[in-house]
Amino acid sequence: MPPADEEPQTDSADRPPSCGDIVGLLAEPARRSAFAALVLGARTVGSVSEQTGLTPKATAGALRRLVDGRIVAEDRATNTYALVDDAFRRAVQAEVRVAGRSGGDGAGAYFRRGRITAIPADAEVRARVLAVVVDTFFPGEVYPEARVNALCGEWFDDWVALRRALVDEGLLTRNQAGTAYERA
């Protein structure tokens, strides 16, 4: 068992919402209205409430869910809200990687709610699943083992097996001491 300071953080705040998450967020009328008001330039609970006709309490609740869903950002210092500009683009990119451009490539069956359910045994499908994960790592950046563990833990409960698979497949390289990793 690795030391406690190396255990991954499974907070998904760094990952974009999935396409399904976004659709789910915007399926509720109050959240959709609040989002539309932000698109049209509203920035505060009051201005969103005014544009949508929602009560301030309903507006605050809708905005909180949009923030929690990672498609809206809150600036607590100024009590303002703004759209997360790249949330949709990143969700679509992830969806294309998982489902493939032409009706699916088998990798999508191994993802649920933005996490891996299992590491596929089939080499081709495993390569596609791991290709999604390796996009978490920026080329040229060296990651300490604790950070690699945390990032892998965001994707899969058995973060050690996932880290090992990334190294075994040649997607991450490990330094001689085994303390740092880099995207291959």
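A residue is called buried here when its relative accessible area is under 20%, and that cut-off is worth keeping in mind while touring this predicted model.

Begin with the whole chain on display. The protein has eight helices and seven strands, and buried residues make up 35% of its 184 residues. Of the contacts between residues at least 6 apart in sequence, 54% join residues at least 24 apart.

Next, select residues 145-155, which form helix H7. Nine of the eleven residues in H7 are buried, so the helix is largely enclosed by the rest of the structure. To see them, colour Glu145, Val148, Asn149, Ala150, Leu151, Cys152, Gly153, Glu154 and Trp155, which are the buried residues of H7.

Keep Trp155 highlighted and add Ile116, Phe137, Leu162 and Leu166, since these five are the residues with the most contacts inside the largest nonpolar core, a set of 23 residues. Helix H6 (123-134), H7 and helix H8 (159-168) each supply at least two residues of this core, and the largest share, six residues, comes from H6. In soluble globular proteins, nonpolar side chains tend to be buried together.

Centre the view on Leu166 and show what surrounds it. Leaving aside neighbours within four places in sequence, Leu166 is in contact with Leu130, Val133, Val134, Phe137, Cys152, Leu171 and Leu172. A second, separate core of 19 residues can be looked up afterwards by selecting some of its members, including Leu25, Ala62, Leu66 and Tyr81.

Now show H6 and H8 together as a pair. Two packed helices are described by the angle between their axes and the distance between the axes. For H6 and H8 the angle is about 100 degrees, and the axes are 11 Å apart. Angles of 65 to 115 degrees count as roughly perpendicular, and H6 and H8 are therefore described as roughly perpendicular to each other. At the contact, Leu130, Val133 and Val134 in H6 meet Leu162, Ala165 and Leu166 in H8; the residues of this contact divide into six nonpolar, no polar and no charged.

Finally, move to residues 72-75 and 80-83, which are strands S1 and S2. In which sense do S1 and S2 pair? The two strands pair in the antiparallel sense, over four bridges, and one place to inspect this is Ala73, which stands opposite Ala82 in S2. S1 and S2 form a hairpin with four residues between them, and within the turn you can select Asn79, which has a positive phi of about 55 degrees.

Technical notes: Residues are numbered from 1 along each chain as its sequence is written. This is a predicted model: local features need pLDDT of at least 70, side-chain atom pairs count only at pLDDT 80 or more; totals for chains, interfaces and linings use all residues. Side-chain values use heavy atoms; hydrogens and water are left out. Buried means under 20% relative accessible area, exposed over 50%, partly exposed in between (1.4 Å probe, protein chains only). Two strands pair if DSSP finds at least two bridges between them. A nonpolar core is a set of buried Ala, Val, Leu, Ile, Met, Phe, Trp, Tyr and Cys residues joined through side-chain atoms within 4.5 Å. Contact means heavy atoms within 4.5 Å. Axes are lines fitted to C-alpha atoms, for helices over the stretch in contact, and angles run from 0 to 180 degrees between N-to-C directions. Angles under 35 degrees count as roughly parallel, over 145 as roughly antiparallel, 65 to 115 as roughly perpendicular and the rest as oblique. Ala, Val, Leu, Ile, Met, Phe, Trp, Tyr, Cys and Pro count as nonpolar, Asp, Glu, Lys and Arg as charged, and the others, Gly among them, as polar.
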